[in-house]
Amino acid sequence: MKLKLAIDPDIVAMMAAEVAAGERAVTAAMREAGTGLKSAWRLQITGAGLGTRLANAIRSQNFPRSGESLDAAALVWSKAPVIVGAHDTGPLIRSKNGFWLAIPLPAAGKSLRGGRITPGEWERRRGLRLRFVYRRTGPSLLVAESRLNTKGQAVVSRSKTGRGKVTAPIFLLVPQVKLPKRLDLARDADRALDGVPGLIVANWVEGRL
């Protein structure tokens, strides 16, 4: 007795169509999941008051970059991982050299490079010397003999009589700072991951309609 096995061309076509539908569904689902997670992280960052510039540092990329695949994936990351990571974990920050952390007060102004100004930069820009003031209770200070301009920033006093000259606190000095945890990126990542199966099914069904 001989058996002859033949595969119906219609079945082959159906299987190929089903694989193609799966590729489209998985690729679309991963694209939606990645875009959704990127938006959620950006919303968290702006909602925490960290600004749109840091929020826009969150980026996403789909793989494969073109075409469709059952192995499609999405990558979501930050171009400022140190800053975002610090607000996500709330670390304890200490000075690298074991001395003080200098926290600028409003009278210090801003750095020319953006962000917080350092005592060294402040002295070079203002042409004034900072003086250390130790306090037994509360943070110690770096102060300067200066006047305050209309913006409340300490500048050199040009008065020969000393009119308007004050001892202005410029920096707070602390041994360490506990950065508050302001983000919970893992929460949104877990939600995005949990939603992937549902997105695949929804896109698969939609592709058949």
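Here is a walk through this structure, from its domains down to single residues. Keep in mind that the model is predicted.

Let's start with the overall layout. The domain assignment splits the protein chain into two parts: domain 1, made of 13-90 + 181-207, and domain 2, which covers 93-178. Look at the C-alpha atoms and you'll find the centres of domain 1 and domain 2 separated by 44 Å.

A good place to begin looking is around G90, which sits in the loop between α3 and β3. This glycine comes just after α3 and takes a positive phi of about 65°. In general, most residues other than glycine have a negative phi. G90 is also buried, with a relative accessible area of 5%. What does G90 touch, leaving aside its neighbours within four places in sequence? It is in contact with K178, L179, P180 and K181. L183 is worth a look too: G90 and L183 are 93 residues apart in sequence, yet their C-alpha atoms are 8.7 Å apart in space.

Step back into helix α3 and you meet its buried residues, V84, A86, H87 and D88. D88 is a charged one to follow. It forms a salt bridge with K181, and the closest N and O atoms of the pair are 3.6 Å apart. K181 lies in the loop between β9 (176-178) and α5 (185-208), while D88 belongs to helix α3 (residues 81-89), so this pair ties together parts that are 93 residues apart in sequence. As for its surroundings, D88 has 18% relative accessibility, so it counts as buried, the cut-off being under 20%.

How many salt bridges does the structure hold? There are 6. The general idea is simple: side chains of opposite charge can pair when their charged atoms come close. Another one of these pairs is E145 with R131, where the closest N and O atoms are 2.9 Å apart. This pair also links distant parts of the chain, with E145 in strand β6 and R131 in strand β5 (residues 131-133), 14 residues apart. Both partners are partly exposed: E145 has a relative accessible area of 34%, and R131 has one of 41%.

Over in the 180s, R187 pairs with D188, and here the closest N and O atoms are 3.5 Å apart. R187 is partly exposed, at a relative accessible area of 35%, whereas D188 counts as buried at 8% relative accessibility. The story doesn't stop with two residues, though: R187, D188 and R191 are linked in a network of salt bridges.

Now for helix α4, residues 119-126. Which of its residues are buried? They are E121, W122 and R126. These residues cover an arc of only 115° around the axis, which puts them on the same side of α4. It helps to remember that an α-helix has 3.6 residues a turn, so residues three or four places apart point the same way. What covers the buried residues of α4 includes three strands: β6 (140-148), β7 (154-155) and β8 (166-174). Right after the helix there is another glycine to notice, as G127 comes just after α4 and takes a positive phi of about 70°.

Follow strand β6 and you come to S146, which has its place there. Is S146 buried or exposed? It is buried, with a relative accessible area of 0%. Setting aside neighbours within four places in sequence, its contacts are L128, A154, V155, G164, K165, V166 and A168.

For a change of scene, head to the surface. F99, W100, F132 and Y134 make a nonpolar surface patch of about 500 Å². One of them, W100, is found in the loop between β3 (92-94) and β4 (101-104). W100 is partly exposed, with a relative accessible area of 39%.

One last stop is a matter of backbone geometry. F63 and P64 are joined by a cis peptide bond, with omega at about 0°. As a rule, most peptide bonds are trans. You'll find P64 in the loop between β1 (58-63) and β2 (73-78).

Conventions:
Residues are numbered from 1 along each chain as its sequence is written. This is a predicted model: local features need pLDDT of at least 70, side-chain atom pairs count only at pLDDT 80 or more; totals for chains, interfaces and linings use all residues. Side-chain values use heavy atoms; hydrogens and water are left out. Patches are made of residues with over 30% relative accessible area and no salt bridge: like charges are joined within 9 Å, nonpolar side chains (Val, Leu, Ile, Met, Phe, Trp, Tyr) within 5 Å. Accessible areas come from the Shrake-Rupley method with a 1.4 Å probe; for residues, only the protein chains shown count as cover. A salt bridge is a side-chain nitrogen of Lys or Arg within 4 Å of a carboxyl oxygen of Asp or Glu. Helices (H or I, at least four residues) and strands (E, at least two) are DSSP runs, numbered from the N terminus. Buried means under 20% relative accessible area, exposed over 50%, partly exposed in between (1.4 Å probe, protein chains only). Domain bounds come from an automatic or database domain assignment. The arc is that of the directions from the helix axis to the C-beta atoms. Contact means heavy atoms within 4.5 Å.
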